[in-house]
Amino acid sequence: MKLKASLALISASLLLAACGGGSDAEPAADGGPVTLSFLVDNGRLTLDGAKALADAFMKTDPGVKVEVETRPGGTEGDNIVKTRLSTGDMADVFWYNSGSLLQALNPAQTMVDLTGDPVLANVQKDFLPVVSHAGKVYGVPAGAGMGGGILYNREVYDRLGLKVPTTWAEFMANNDRIKADGITPVISTFKDTWTSQLFVLGDFHNVRAQVPAFAQDYTAGKAKFAATPAAAAGFEHLAEVHAKGHLNKGFGSATAEEGLKMLVEGKGAHYPMLSAMLPPMLKDTPQVATDIGFFGIPGTDPAENGATLWEPPGIYIAKSTEKLDAAKKFLAFVASPAAAEAVGKVVQPAGPYRIEGATLPDDAIQAAKDLQAYIDKGATTPALEFLSPVKGPALEQITVAVGSGLTPPAEGAAQYDKDVEKQAKQLGLEGW
Amino acid sequence: MVTRHRPDTRDAGPRDGAGPGLPARRAHARRARRKTGPAYPYALYLPAAAVYIVIFLIPTAMAFYFALTRWTLFDSEFVGLDNFRDFLAEQNLSIGFRNTVVYAVVTSGLKVVLGLGLGVLLTSKLRLRGFLRSVVFFPVLVSTVAVGITFSVLLKPGTGLVDRVLALVGISGPDWLGEAGTALLSVALVDVWKGVGLATVIYIAGILSIPQDYYQAVSADGGNAWHRFRHVTLPLSWPATYSVIILSFIGGLRSFDLIWTMTRGGPGFTSDVIASIIYKQYQSGFFGLSTAGNVLLFVVVTAIVIPLNWFLGRRQVAP
């Protein structure tokens, strides 16, 4: 798909991408409550969050009934959303990625412009760019953001007396110690290809620390991964952990679910992953809340140590809706601390909220607290896909090839540059 | 076989036999009066023609147009032949072409060898022959996606059934679907498992149609089982071999479902075929680009199929 942003990652990851049938929006019954159709992907995390939002909203406003519809996640879902928007058959409100993926939906033609609308009153100002297109705002944040970096088993760290690394060298030294103890240092799950991208995408905090203008130059077609050592480092890291034999046996056909299980059971120590993968595991393995921590992918300079952040997805209003007032009421509720609280009860946040006045609960999972510590220090950077509309669709295959030792890292970076070029041309961007 | 000896009047005469009842006879009468003209009034062709035009001709024509555009579903911009250039410049296209051919050759080759073997076995005087024939044919009936998912589980390293069985004899199996060297081959073998039943059925039909006289002649000359196979079964089942090769080769060229369910073209790009490359372009939302890929595939397949069709048609007349 155009740009695989955070939600595509989550929804694909939750592996619930069964066939989802979107039913048609039902016409509102006259006299009775207005019925809003609300389209979300069928990932467990999204669906639970969406249902919690709808229920909480219906309690505050009995005049509006929100019906949650589902669609498949991942690229299949992207195409369904595009098709329904382009044919004017979209649900009244819908849940979709923020950042680069949103740009591909042609918001100016298909969505209701919310710029300056009171709906946005509680939305943090620095969130707005990721739900904007050509200077106009189209959405409100749904749920919490997440961190993309290394999830690690704190028990293993305690037992071996390891410290959270602040540089890549320290990280590799930890890996050697872990391996000597007979535990898999780095879990990789290349059957779910998207999971292979974290070493590259999660490294963006370090890229920006060294090359502050990378995102702009990259969008303009001037900066390349292969020609920027800081950016190529992600590919090198990927190759290095494989070359040193740090990966689990059978990494090529392991799934994300299996990887998380290995991590929780302490069979593996590190898993490059998104923090939002953890909350759905709480039900079966409650120790996830305390045993699993998070740290950003370390770079070269300990002083610049930080983490890469994925913004929450957005909720948008389709231009084809005939129930604009009700839809706006719903969005105003979504962007309120009360909504954050309601969702947080069902789906534990794995990162920061983007709503003024909404904070992490005291019993938040450890990984979310670790991420919050980076945020409080001001040491986070949004992932590249929230700063640039350009993201090559083949990255996950390229990172699998590099991470399996099939392609040298420099060649992988160059392949990705070509892939990006193709995507930028298809988007019709300037300068490509 | 039987029908050949019976005079088939239907093809020779007017086509009224195909449509029962009055309308056909009336049409026949009218045609007899005018000597020329269609069997039915043109109006009766209209529904079929409309369906054909709307769901086949128009989309095909549109595809040729959209292949020349940058198309996002929301709008399209004419870009000339850029998409074709970009598609041909696709980095993994050469891997895809090579894999497609390797896959087609491996699967059709193995289906011929195994199909012939099973065909000979299942035409011999065997207890449970009927049951075994059903068993061999059964995988053909199972949905490809289900087969793919099942085998992905069976081939899991360490915990999968295949590796456990190998472990019993002290072999530590590779990561069948997760390693570049074995992924495509593993999928091809599953394809053979699934498809060999059809090849076997074709061979059974071919072998059964060989007249017994030849076998009796070999016996009279004192030939053994090997001679019967080598000098009668093998050469005389050549038409069956031919059908199996053509069917499975074409099937192999357009293979997609099994590969997609089992490896998604991975690891990396090592088991990508043309169809999966095109599919990934669609997934990425590059609709114009992927349509261009399909137009190219259409041209390539046409270029192979038309001469093949002509060649096969000639062969059919010869014997």
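**Close-up 1. L151(A) and its partners across the strands.** In this predicted model, L151(A) stands opposite Y271(A) in strand β9 of chain A, and in strand β10 of chain A the bridge partner of L151(A) is F294(A). The pairing of β7(A) with β9(A), which spans residues 268–274, is antiparallel and runs over five bridges, while four bridges, also in the antiparallel sense, join β7(A) to β10(A), residues 292–295.

**Close-up 2. Strand β7 of chain A and its pairing with β11(A).** Strand β7(A) covers residues 146–153 and is mostly covered, since eight of its eight residues are buried. Three bridges link β7(A) to β11(A), residues 307–310, and these two strands run antiparallel. Within this pairing, M146(A) has W310(A) of β11(A) as its bridge partner.

**Close-up 3. The buried side of helix α14 of chain A.** Helix α14(A) comprises residues 324–334, and its buried residues are A326(A), A327(A), F330(A), L331(A), F333(A) and V334(A). These buried residues lie on the same side of α14(A), because they cover an arc of only 160° around the axis.

**Close-up 4. The largest nonpolar core and the two domains of chain A.** The largest nonpolar core holds 135 residues, and those with the most contacts inside it are F38(A), V93(A), F94(A), F330(A), L331(A) and V334(A). Because domain 1 (3–144 + 312–359) and domain 2 (146–309 + 386–427) of chain A both give residues to this core, it lies between them. The C-alpha centres of domain 1 and domain 2 of chain A are 28 Å apart. Leaving aside residues up to four places away in sequence, F94(A) touches F38(A), L39(A), V81(A), Y316(A) and A318(A).

**Close-up 5. A separate core, with the make-up of chain B.** A second, separate core of 38 residues includes W176(B), V196(B), W260(B) and I274(B). The secondary structure of chain B comes to 16 helices and two strands, and of the 319 residues of this chain, 33% count as buried. Among contacts in chain B that link residues at least 6 apart in sequence, 66% join residues at least 24 apart.

**Close-up 6. V402(A) and the residues around it.** V402(A) is found in helix α17 of chain A and counts as buried because it has 29 C-beta neighbours inside 10 Å, where 20 or more are required. When residues up to four places away in sequence are not counted, V402(A) touches F235(A), L238(A), A239(A), T407(A), P409(A) and G412(A). By contrast with these contacts, the C-alpha atoms of V402(A) and E170(A), which are 232 residues apart along the chain, are separated by 22 Å.

**Close-up 7. The contact between chain A and chain B.** The contact takes 30 residues from chain A and 27 residues from chain B. On the side of chain A that touches chain B, α3 (74–86), α17 (395–403) and α18 (409–427) of chain A each supply at least two residues, and α3(A) gives the most, with five residues. By class, this side of chain A has eight nonpolar, 15 polar and seven charged residues.

Conventions:
Residues numbered from 1 in each chain as written. Chains lettered and ligands numbered in written order. Predicted model: local features only at pLDDT ≥ 70, side-chain atom pairs only at ≥ 80, totals over all residues. Contact = placed C-beta atoms within 7 Å. Nonpolar A, V, L, I, M, F, W, Y, C, P; charged D, E, K, R; others polar. Domains from an automatic or database assignment. Buried ≥ 20, exposed ≤ 12 C-beta atoms within 10 Å, placed from the backbone. Arc of directions from axis to C-beta. Pairing = 2+ DSSP bridges. Core = buried A, V, L, I, M, F, W, Y, C linked by C-beta atoms within 7 Å.
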